[in-house]
Amino acid sequence: MDVMPLLLLVAGSAGVAGLARRTPVPAPLLLVAAGLGAAYIPGIPDYTLDPHVVLPLLLPPLLHTAALDSSYLDLRANLRPVALLSFGYVLFATLAVGYVAYLVIPDLPLTAALVLGAVVAPPDAVAATAIARRLRLPHRITTILQGESLVNDATAITAYKVALAAALGAGATWGDGIRQFAVASLGGIGIGVVLMVPLHWLRCRLRESALLENTLSLLIPFTAYAAAEQVGASGVLAVVVVGLYLGHRSWQVDFETRLQEGAVWKMVSFVLESAVFALIGLQLPVVLRGLGEFSTAQALGYAAVLFAVVVLARFVWVFPATYLPRLLSARIRAREPDTTWTAPVIVGWAGMRGVVSLAIAFSIPVVHGGGPFPSRNLVLFLTFTTVIGTLVIQGLTLPPLIRALKLPGRDAQAETLAEAQAQSEASRAAEARLDELLQDERNALPGPLSDRLRTVMERRRDSVWERLGTVNAVTGESADETYRRLAREMIDVERRVFVELRDARRIDDEMMRTLLRRLDLEEAAAYRESAT
């Protein structure tokens, strides 16, 4: 097996993603552009996107990472708009796009057109949420976009399977479709609910071994996905349910596991997201070679119409879904905050498509009933152009649109104040507990050590308040930021001394690694504090 193409893909996409951090262009867009350019460089391997790899091997860890980073409480508070987008909109887009394609493209059966509609229906909100975080969009919009991206793939994949069965002449009816959709949705949620508690219990039981816990963590999304798919349920929903539960309960896991798990999943997410968006661009030669009986002008004309329908259909759904429930229900008006027209504009324009659409399109069988699938090559081409068009046009214009609409961003001062109040309350509780513990003879400590416990606690409490107060006139730092910077300088000195002692053979490598790990944990804690 030649591993060089895989190494080239991972190394190249990681390099482009790293370069994107130095440019105003979001990483997904730069990666797609790089993939488009690299596709025609002589000697570049032919990267054909295999749905048997993307769906079971790439999608579960990406969804799991997103679910771990999401807030169960925020999603529950915004369940109505998230459900309307991830279920209602995807089904609406499937029907709208499919019917227009049926009308516009000659000799395209309605069932095949609905397959196309299901393929391009789910937005991939990775790029949208990245932009939202960079520009500090209101928290509720970011939560809605995240929630939509977690669930809409399950809806689209199920709709695709129903439409494909009809297109292949499997005798599927509307009743069969509704039944299959219910089984996939409820079954996926059920599998997730069944797995989430024992998986969390097992993680807590392994708290003495962070290595074993993180090995289990890497297996969890694949286990949930495979278990659900094995019984015909939605693996996507199973992964999301398990990920949300584990993320909500992550505070119960050992601290060392959390440190390692956070680093591991950030790396996995970075590598997979980078490779996935590069793969999108690299599919161009494959798609063009298969265009077949359609001329380039014809195909581009259909692509322009489909892109317009995809964009328009989202706005046609988003605006009524935003305002009609509030108009019809006093309970919704009382429970949910008011919104202006700018919020649905942003949500409507943040409908970029991604690799899931391409993976579903490539999974369309080449033949059915002994003959070719109707216009399969054109479906692939239209899916590719829709993905590229939404990523480039909507992705590049979303940041200036957000700035032009002047949406109120997050109130950094209010967030810091809330953080300071929470830390102050926690510190008071910790101080009371310390006083209680020190009264027990078994917890007797020398004065300097007990004072050190109090000093560390006070510094943690005061550091957040200092961000609201004065700063050093020369450096622009708060007192606590200066403290952490000096602490890191001291750690660097200690690290160099340990290495010198090892080189002089006064300590061995094992002892040096033990001492360096202690310093690394202290520096990691200082870095996380300074990053907040």
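These legends describe close-up views of a predicted model.

**View A. Helices H14 and H16 cross with a right-handed sense.**
H14 spans residues 296-328, and H16 spans residues 342-349. Their axes come within 9 Å. The crossing angle is roughly 145°.

**View B. Side by side, H14 and H16 share a contact made by residues of both helices.**
H14 contributes Val311, Arg314, Phe315, Val318, Phe319, Thr322 and Tyr323. H16 contributes Pro344, Val345, Val347, Gly348 and Trp349. By class, the contact holds nine nonpolar residues, two polar and one charged.

**View C. Phe315, Phe319, Tyr323 and Trp349 form one aromatic cluster.**
Phe315, Phe319 and Tyr323 belong to the H14 side of the contact with H16. Trp349 belongs to the H16 side. The count of aromatic pairs in the model comes to six.

**View D. Tyrosine 99 and tyrosine 102 form a tilted aromatic pair.**
The ring centres are 6.3 Å apart, and the planes differ by 35°. That angle counts as tilted because stacked planes lie under 30 degrees apart and edge-to-face planes over 60. Both residues lie in helix H5, residues 79-104. They are three residues apart, about one turn of the helix. Tyrosine 99 has a relative accessible area of 46%, so it is partly exposed. Tyrosine 102 is also partly exposed, at 36%.

**View E. Arginine 314 places its charged end over the ring of tyrosine 89.**
The charged end sits 5.1 Å from the ring centre. Arg314 is also one of the H14 residues that meet H16.

Notes
Residues are numbered from 1 along each chain as its sequence is written. This is a predicted model: local features need pLDDT of at least 70, side-chain atom pairs count only at pLDDT 80 or more; totals for chains, interfaces and linings use all residues. Side-chain values use heavy atoms; hydrogens and water are left out. Axes are lines fitted to C-alpha atoms, for helices over the stretch in contact, and angles run from 0 to 180 degrees between N-to-C directions. Helices (H or I, at least four residues) and strands (E, at least two) are DSSP runs, numbered from the N terminus. A crossing is left-handed if the near helix is turned anticlockwise from the far one by less than a right angle, and right-handed if clockwise. Contact means heavy atoms within 4.5 Å. Ala, Val, Leu, Ile, Met, Phe, Trp, Tyr, Cys and Pro count as nonpolar, Asp, Glu, Lys and Arg as charged, and the others, Gly among them, as polar. Rings of Phe, Tyr and Trp (its six-membered ring) pair if their centres lie within 6.5 Å; planes under 30 degrees apart count as stacked, over 60 as edge-to-face and the rest as tilted. Buried means under 20% relative accessible area, exposed over 50%, partly exposed in between (1.4 Å probe, protein chains only). A charge sits over a ring if NZ of Lys or CZ of Arg is within 6 Å of the ring centre and within 35 degrees of the ring normal.
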